[in-house]
Amino acid sequence: MANENMETLVADREKAIVKTSIIGVVTNVFLAVFKAVIGMITHSIAITLDAVNNLSDALSSVITIVGAKLGAKLPNKKHPLGYGRIEYLSSMMVAAIVLYAGITSLVESVKKIIHPETADYSTVSLIIIAVAIAVKLVLGQYVKKQGKKHNSGALVASGSDALFDAILSASVLASAIIYLVWGISLEAYVGVIIAGIIIKAGVEMMIETLNDILGKRSEREDVAAIKRLICEEPDVRGAYDLIMYNYGPNKNYASVHLELPDTMTVDEVDVLTRRVQANVYLKTGVILTGVGVYSFNTSNEEVAQIRNTVQKTVLAHDWALQIHGFYADTEAKTMRFDVVVSFDIDRAEAIGILAEEMQALYPDYTIQIVPDIDA
């Protein structure tokens, strides 16, 4: 049932992205044609570059459609976790197109500054530009809203780009009015500004997509929500080392360690972990692929005192963010625990410092300290 629900959500998401992108393609093609004609008639480089930008937006929407279609393919033997990351590649291509359009616009605008050409505006052309601004504002808001709703980076980027276009078209309209009223031609200079903003948007889109491909820190709110769900179980003393793995929009997997009483049987742990996995998936859509276990001493006063001393000593260091998974065997004289180490110190150096301190406090113990990253 869960898999069927997930497949339905994926299919609905794909349809919504394709529908939104088609609307974007049609709208941008019409705007590109109108602006190109006006740009040639008025000899306006700014309007012509605006038309080119609309054309690049249409191409971006086509790539978004292709990415959504391929990303929605079901998992198979070759790709058991699906094709969701293809959408990140399509977002990268969209960013590259935007960046190319910006650089091309900059080159053409600089040429016009060096070799200026007088623009010739008409009332009709100004009205069409004003209508284009209104259309872009509506389109941008719609596409961006749909992108956030369906967690599509490509749609969000296209929507943001459309809103930028509306602002840029407004600057073209303003420069035209200034020319008609005062006879000052700002055409080429407005083109440079447009190009600069387009380039900036392209670079930002590319960096954001690269972060998705490389892997970035999970949102703290999402991590906290999953940990709260897990800790609702009475036997769970703590949830640690939660690492999330993203395989495309809305396709998140994770692993976690649970701190459980040392009195629980393997059968009880099995029942608990399966219940936790089902609960997390149903409420967040995240699949817990791995659930590790830390044992918690429940009836040894001496161990409780040792734990408090160790925790106080470890957390005295600014770079030691958390200690968990503590377990000590007073008969076998062994001790083990994990420490979350910040990126401000080399992990090997941190563990060396802690090992030396622990050995000084408990010379008879064999001590195992595992460094965890601040994920």
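Angles over 145 degrees between the N-to-C directions of two helices count as roughly antiparallel, and that cut-off is needed at the first stop of this tour through a predicted model.

**The helix pair**

Select residues 86-114, which form helix 3, together with residues 187-214, which form helix 6: their axes come within 7 Å and cross at roughly 160 degrees. Helix 3 and helix 6 are therefore roughly antiparallel to each other, and their crossing is left-handed. If you colour the residues of this contact by type, they divide into 23 nonpolar, 7 polar and 2 charged.

**The sheet of strands 1, 2 and 3**

Move next to the open sheet of 3 strands whose order is 1-2-3 and whose pairing is mixed. Which strands stand at its edges? They are strand 1 (238-246) and strand 3 (287-296), and because each has a single partner strand, one side of each is left without a neighbour in the sheet. Neighbouring strands here are turned by 15 degrees against each other on average, with direction ignored.

Now select residues 252-261, which are strand 2; this strand runs antiparallel to strand 1 and is joined to it by 7 bridges. Within that pairing, asparagine 246 stands opposite asparagine 252 of strand 2. Adding residues 220-231 brings in helix 7, which packs on the sheet and touches strand 1, strand 2 and strand 3, its direction making about 135 degrees with that of strand 1.

**The sheet of strands 4, 5 and 6**

The following stop is another open sheet of 3 strands, with the order 4-5-6 and mixed pairing. Strand 4 (320-329) and strand 6 are the edge strands, and since each has a single partner strand, one side of each is left without a neighbour in the sheet. From one strand to the next, the twist averages 15 degrees.

Select residues 334-341 for strand 5 and residues 366-373 for strand 6, which run parallel and are joined by 8 bridges. Two of the bridge partners in strand 6 can be labelled here: glutamine 368 is the partner of arginine 336, while isoleucine 373 is the partner of valine 341. To follow the connection, select residues 347-361, since the chain crosses from strand 5 through helix 10 to strand 6 in a β-α-β crossover that is right-handed.

**Helices across this sheet**

Keep helix 10 displayed, as it lies across strand 5 and strand 6 and runs at about 150 degrees to strand 6. Finally, select residues 301-314, which are helix 9: this helix lies across strand 4 and strand 5, running at about 155 degrees to strand 4.

Methods
Residues are numbered from 1 along each chain as its sequence is written. This is a predicted model: local features need pLDDT of at least 70, side-chain atom pairs count only at pLDDT 80 or more; totals for chains, interfaces and linings use all residues. Side-chain values use heavy atoms; hydrogens and water are left out. Axes are lines fitted to C-alpha atoms, for helices over the stretch in contact, and angles run from 0 to 180 degrees between N-to-C directions. Helices (H or I, at least four residues) and strands (E, at least two) are DSSP runs, numbered from the N terminus. Angles under 35 degrees count as roughly parallel, over 145 as roughly antiparallel, 65 to 115 as roughly perpendicular and the rest as oblique. A crossing is left-handed if the near helix is turned anticlockwise from the far one by less than a right angle, and right-handed if clockwise. Ala, Val, Leu, Ile, Met, Phe, Trp, Tyr, Cys and Pro count as nonpolar, Asp, Glu, Lys and Arg as charged, and the others, Gly among them, as polar. Two strands pair if DSSP finds at least two bridges between them. Contact means heavy atoms within 4.5 Å. A crossover is right-handed if, with the strands pointing away from the viewer, the path from the first strand over the helix to the second runs clockwise.
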